[in-house]
Amino acid sequence: MTIVFSMLVRLFILQNIKFIMNIPEIKKICCIGAGYVGGPTMAVIAQKCPHIRVAVVDVNEQKIAQWNDNNLDNLPVYEPGLKEVVKEARGRNLFFSTDMDTEIDAADMVFISVNTPTKTYGKGKGMAADLKYIELSARKIAEVATSDKIVVEKSTIPIRTAQAVRKILANTGNGVNFQILSNPEFLAEGTAVSDLYNPDRVLIGGEESEDGKKAMDALTSVYNNWIPRERILQTNIWSSELSKLVANAFLAQRISSINAISALCEKTGANVDEVAKAIGMDTRIGAKFLKTSVGFGGSCFQKDILNLVYISRFYGLDEVAYYWESVIEINDYQKNRFADSIIIKLNNTLSDKKIAFLGWAFKKDTNDSRESAAIYVADRLMEDKGIIAVYDPKVGEKRMHDDINYLKTRDEEENDKLLQYYSDPYEAMKDAYAIAVLTEWDEFLDYDWQKVYDNMIKPAYVFDGRNLLNHEKLREIGFNVQGIGKVNK
Ligand SMILES: NC(=O)c1ccc[n+]([C@@H]2O[C@H](COP(=O)([O-])OP(=O)(O)OC[C@H]3O[C@@H](n4cnc5c(N)ncnc54)[C@H](O)[C@@H]3O)[C@@H](O)[C@H]2O)c1
């Protein structure tokens, strides 16, 4: 009887929990996860808020050592302007550490900025977000916190994850109070620092209660050190969580839309760049994100759309799921179409033919190659026994091999033979049958293309997956050039 009563009381408390939080001015921040989001975001917060101590913690010791490296060229994330920010703040009020327990407990506010990849096992495999690292972070906070804290979800997560985090904190904590906020990050890799300096908006979702409002105001005051108040939006927590998935889905949808049209252009004689310009000047459409390409990559777009699809199916909204799924289908179609056009042009046989890849990163100005179109194009060409010679200014050899091995299409020994890394672009292109541009790095524009042509097997092909190069000039030199969404001469 007593046990039942105490269980009922406990249930009542959990359901009606109304934290009376002691939220001081934020003086100490801890961020769990020192990756592409956690690192740059915290570096900028530390730079802009010298009165706040910011500690970034991670389980990955090597990554933390790289963040602490005296040589700023060894930071684990490459972003224009990032090393200058780290140089200014590191050691002053920005610290990178593996001592998670101490830093979490010392903080007034704890950001969770861990990875949330697509599940590769069990229920929701290939679709749902894997929340393993979020859960581990929440459990760690609950385990070590001895004072009230605001916990901020910075990672991109499915709607209603805050509920799960709250449940863990309420059930396993040391009796301290937590407020959970959603504060999704909208930075784009390659422009992370300027996006963080000058974001279109900052989104903060919180509980609709007095404590929820106090917590949102506390985080607002941190950003308000450099971002105007009118650009900081406060919403309910579910709107905030969902908005991040929707923003990425809309951005990816624009790329798939223009890529679908690129295929039509190639058949009809229209030029996709001209079409993009013509429709982009319509202010209702807008000019951004209308650049055709070999397909979008990056760690976020695909995973976030899959997540949206999974959630829609979960709620029985099959038509909604199908609609968003088609954005990914067009992206896969575009990558395959690009690879197939290379195979066809090279007489349907790539065996022992060298094909030079310019670029491996998923976009310029980043060393991130997660889900890069280059990986999938290479894999398809390697199925045809093509030898892929890759040069990328920022992605290293190990990363490329890890990327291709991750697909498990063939054994690693075979991959080592077929995928070759070059640190010199001219060496990569020497004796190649074709060049494929996979990333829009600016430096490719400045190469001595006559020299490149002279050293290639003829006919010399260029497949420009970014419509980056000067096609007319290349044709004058003698190249056979194929862009995307244009009739190729
Ligand atoms: N990369 C982007 O452009 C971008 C933009 C906006 C939002 N996001 C979202 O931000 C989140 C983080 O993305 P990212 O690109 O920074 O990932 P990342 O893989 O670069 O970094 C995540 C880090 O978290 C660490 N980590 C994982 N579990 C941990 C744990 N239990 N304790 C301590 N550290 C742990 C990992 O070691 C890793 O260093 C994801 O949810 C992503 O969807 C990413």
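Good morning. A polar contact, as I shall use the term, is a pair of N or O atoms within 3.5 Å. With that in mind, let us turn to the structure before you, which is a predicted model.

I begin with the ligand. How far is an oxygen atom of the ligand from an N or O atom in the side chain of D58? The distance is 2.6 Å, and this pair is therefore a polar contact, since the limit is 3.5 Å. E189 also takes part through its side chain: one of its N or O atoms is 2.6 Å from a nitrogen atom of the ligand. T156 contributes in another way, as a polar atom of its backbone is 2.9 Å from an oxygen atom of the ligand. Taken alone, the ligand exposes 830 Å², and the protein buries 91% of that area.

Which residues come nearest to the ligand? Of the 27 residues around it, they are D58, T116, E189, K303 and R370. By character, the shell divides into 10 nonpolar, 10 polar and seven charged residues. Helix α6, residues 132-144, gives the most to this shell, with three residues.

Let me return to T156. This residue is found in the loop between β5 (149-153) and α7 (161-172). Is T156 buried or exposed? Its relative accessible area is 10%, so T156 counts as buried, the limit being 20%. Leaving out residues up to four places away in sequence, T156 touches T116, K244, L245, K303 and D304. Two of these names, T116 and K303, were also given among the residues that come nearest to the ligand.

My next subject is helix α4, residues 82-89. Its buried residues include L82, V85, V86 and A89. Why do these four lie on the same side of α4? They do so because they cover an arc of only 95° around the axis. Among the elements that cover the buried residues of α4 are α2 (38-48), α3 (61-67), β3 (94-97) and α8 (192-197).

The surroundings of this helix also deserve a word. G81 is placed in the loop between α3 and α4. With a relative accessibility of 33%, G81 counts as partly exposed. G81 and S194 are 113 residues apart along the chain, yet their C-alpha atoms are separated by 8.2 Å. After α4 comes G91, whose phi is positive, near 85°.

Two residues other than glycine also have a positive phi. For D365, phi is near 65°. This residue lies in the loop between β9 (354-358) and α14 (373-383), and its relative accessible area of 21% makes D365 partly exposed. For D431, phi is about 65°, again positive although the residue is not a glycine. D431 has its place in the loop between α17 (425-429) and β12 (434-437), and at 44% relative accessibility D431 is likewise partly exposed.

Finally, I draw your attention to two further sites. N405 lies in helix α15, residues 397-406, and is buried, with a relative accessible area of 14%. Apart from its neighbours within four places in sequence, N405 is in contact with E412 and N415. Further along the chain, which form does the peptide bond from K458 to P459 take? This bond is cis, with omega near -5°. P459 itself lies in the loop between α18 (449-454) and β13 (461-464).

Thank you for your attention.

Conventions. Residues are numbered from 1 along each chain as its sequence is written. This is a predicted model: local features need pLDDT of at least 70, side-chain atom pairs count only at pLDDT 80 or more; totals for chains, interfaces and linings use all residues. Side-chain values use heavy atoms; hydrogens and water are left out. Buried means under 20% relative accessible area, exposed over 50%, partly exposed in between (1.4 Å probe, protein chains only). Contact means heavy atoms within 4.5 Å. The arc is that of the directions from the helix axis to the C-beta atoms. A residue is near a molecule or strand if one of its heavy atoms lies within 4 Å of it. A polar contact is a pair of N or O atoms within 3.5 Å; within protein, one must be able to donate a hydrogen and the other to accept it, and residues adjacent in sequence count only if both atoms are side-chain atoms. Accessible areas come from the Shrake-Rupley method with a 1.4 Å probe; for residues, only the protein chains shown count as cover. Ala, Val, Leu, Ile, Met, Phe, Trp, Tyr, Cys and Pro count as nonpolar, Asp, Glu, Lys and Arg as charged, and the others, Gly among them, as polar.
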